[in-house]
Amino acid sequence: MKRNLFKNYVFYILYQVFTLLIPIIVVPYTTRVIGAEGLGVNAFSSSIVPWFVIFGYMGISMYGNKEIARVRDNKEQLSKTFMGILNMQVGNMLLVIVLYFLIITFAPLKDKNIFLIQGVSLFATVFDITWFFLGVEDFKKSSLRSIIFRLINVVLIFTLVKSVDDLHIFVWINVVTAVFAQLVLFFQLKEYVTFKRVSLVESYKQHMRPNFVLFIPQIAISIYSVLDQTMTGLLADKTQLAFYQQAIRFDKMFLYFITSIGMVMLPRIANEHAKGDESKINEYLNITLKLAVYLSIPMMFGMIGVGPFFIDWFMAPEFKIVGFLIAMISPIILFIALSNVFGTQYLLPTNRLKEYSRSVIVGAVMNFIFNLILIPPFGAIGTGLSVMIAEFSVTLVQYLYIRKSIQFGVEFKSIIIYFISAVIMCAVVYGIGLTMGPRILTNLLQVLAGFSIYMILLTLLKEPFHIRLLDQVLRLLKVKKA
């Protein structure tokens, strides 16, 4: 059951590109129709649901991916492992769903109906078996399915959501399409598994303990990926939360091109680790680390140059601060790109879970402390500063853990070249923005100029990794022409 890494990456990137385009289509409409306060209510209510998902789903997304990758070449073992993990997942989530609706029903909440609708999205997690298809390295099915349902989601929003009074319809559209998107995957399982009954007791006995090990880091991760939004809603106000959510969403969009590598590589490295081939793991990691640095540095400086000249025409006037936030938070692109390689691609698939857990716990603690200090006086800006500190902490701790295990092939000279090229690119891009002002033509020209300048400078400076990539691209083009 060997899969082509490049093919998997293409399909996953296809989905992520589509994910990138969706907000560009939807956000200008929703910011004007629903507004900052309505989107803030949606953001705050949706930030509560993940806390329940964590306690029901636990570490299944990572654990299931890794375990399926380990046994994927044995259909009988694959089927048994899948059914066992699924049993545990369904059992956990049904208990959590009951708990969620009990708490929301009796809690003194404003906009309680929105919170109740958001709870329906928990059923999407009950049936979420994306981890299985990632484990068998079949990215095509999960990617195409996601694209189709995101298209349906967009069509329904433009058709049915006409004002802030339709906020409940907006939430219903998001949760229902999420549920059906997960159910569809069950029809595509037949070619991989045979459905044999595995008892619930056996499922929990085999999988609960090792899955629980991943539960600790999942809680910690949620503290700086979910709690920042929850705390902003509690310590500031819903409009500040809407500003922060939009900014962090745009910065993380471009990370998909890098973190997608991690999702593709995790099952492959887990499989190589099971075989005991450490040299192959080191080879894979050095390639992905070079690619992560090569891409994340220009993306970071690109957001600094483009962000302030993008939001003014893209969103409603009340969202003007989002442009500044996008530029301010952009260093997380580099931090998360590196931690994706150190943590997701190495520590997790090689079972170094204690080190991974400690790294995210450090980040969670830093995020919580700085949220308390910075959100009350600075609102969304304070949240942005806190998340940067948290992401840097995670990356630093993970690097300290793996620096003696991996022979890093990224040369310091190359990193300097990336930074110099990206800074020059940023200066030109920002200059274009100042000259032309905020409009769509400005941003298109900024992106084109930024990409061209970065590529030309790396070529002139003869950066080795870039030259090798360029050579491979030229060879592929020659082969296609022939």
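The legends below describe several close-up views of a predicted model.

**Figure 1. The protein as a whole, a chain of 482 residues.** The secondary structure of this predicted model comes to 23 helices and zero strands, so the views that follow show helices and the loops between them. Buried residues make up 58% of the protein, and the accessible surface comes to about 21300 Å², of which 70% belongs to carbon and sulfur atoms. Among the contacts in the protein with a separation of 6 or more, 85% are between residues that stand 24 or more positions apart in the chain.

**Figure 2. The largest nonpolar core, with Phe319 in view.** This core has 90 residues, and those with the most contacts inside it are Phe319 and Ile329. Helix α15, which covers residues 278–306, gives the core its largest share, namely 14 residues. Apart from this core lies another one, of 36 residues, and Tyr57, Met93, Val126 and Phe132 are among them. As general background, nonpolar side chains tend to be buried together in soluble globular proteins. Which residues does Phe319 touch, not counting those up to four places away in sequence? They are Thr31, Gly35, Ala36, Leu39, Ala242, Phe243, Gln246 and Ile311.

**Figure 3. A nonpolar patch on the surface, to which helices α12 and α19 each give two or more residues.** The patch is formed by Leu234, Leu235, Ile361, Val365, Phe368, Ile369, Leu372 and Ile373, which together have about 680 Å² of accessible area. The elements that give two or more residues to the patch are α12, residues 227–235, and α19, residues 353–378. Helix α19 provides the largest share, six residues. Leu234 has its place in helix α12, and this residue counts as exposed because its relative accessibility is 60%, which is over the 50% that marks an exposed residue.

**Figure 4. The salt bridge between Lys80 and Glu202.** By the rule used here, the count for the protein comes to four salt bridges. In the one shown in this view, the side chains of Lys80 and Glu202 meet at 3.4 Å, N to O. This pair links distant parts of the chain, since Lys80 is in helix α4 (residues 75–106) and Glu202 is in helix α10 (residues 200–213), 122 residues apart. Lys80 counts as partly exposed because its relative accessibility is 36%, and Glu202 is also partly exposed, with a relative accessible area of 32%. In general, side chains of opposite charge can pair when their charged atoms come close.

**Figure 5. Two further salt bridges, Asp312 with Lys320 and Arg352 with Glu355.** The side chains of Asp312 and Lys320 meet at 3.0 Å, N to O. Asp312 is partly exposed, with a relative accessible area of 33%, whereas Lys320 counts as exposed at 55% relative accessibility. The side chains of Arg352 and Glu355 meet at 3.2 Å, N to O. Are the two residues of this second pair buried or exposed? Arg352 counts as buried because its relative accessibility is 17%, and Glu355 is buried as well, with a relative accessible area of 18%, for the buried class takes in values under 20%.

**Figure 6. Aromatic pairs that link distant parts of the chain, Tyr29 with Phe158 and Phe250 with Phe310.** By the rule used here, the count for the protein comes to 23 aromatic pairs. Tyr29 and Phe158 form a tilted pair, with 4.7 Å centre to centre and 40° between the planes. Tyr29 is in helix α1 (residues 5–33) and Phe158 is in helix α8 (residues 139–160), so that the partners are 129 residues apart. At 30% relative accessibility, Phe158 counts as partly exposed. Phe250 and Phe310 form an edge-to-face pair, with 5.5 Å centre to centre and 75° between the planes. Phe250 is in helix α13 (residues 238–253), whereas Phe310 is in the loop between α15 and α16, and the two are 60 residues apart. Both Phe250 and Phe310 are buried.

**Figure 7. An aromatic cluster that includes Trp131.** Which residues form this cluster? Phe82, Trp131, Phe132, Phe133 and Tyr192 form it together. Phe132 has also been named above, as one of the 36 residues in the core that lies apart from the largest one.

Note on methods
Residues are numbered from 1 along each chain as its sequence is written. This is a predicted model: local features need pLDDT of at least 70, side-chain atom pairs count only at pLDDT 80 or more; totals for chains, interfaces and linings use all residues. Side-chain values use heavy atoms; hydrogens and water are left out. Patches are made of residues with over 30% relative accessible area and no salt bridge: like charges are joined within 9 Å, nonpolar side chains (Val, Leu, Ile, Met, Phe, Trp, Tyr) within 5 Å. Accessible areas come from the Shrake-Rupley method with a 1.4 Å probe; for residues, only the protein chains shown count as cover. Helices (H or I, at least four residues) and strands (E, at least two) are DSSP runs, numbered from the N terminus. Buried means under 20% relative accessible area, exposed over 50%, partly exposed in between (1.4 Å probe, protein chains only). Contact means heavy atoms within 4.5 Å. A nonpolar core is a set of buried Ala, Val, Leu, Ile, Met, Phe, Trp, Tyr and Cys residues joined through side-chain atoms within 4.5 Å. Rings of Phe, Tyr and Trp (its six-membered ring) pair if their centres lie within 6.5 Å; planes under 30 degrees apart count as stacked, over 60 as edge-to-face and the rest as tilted.
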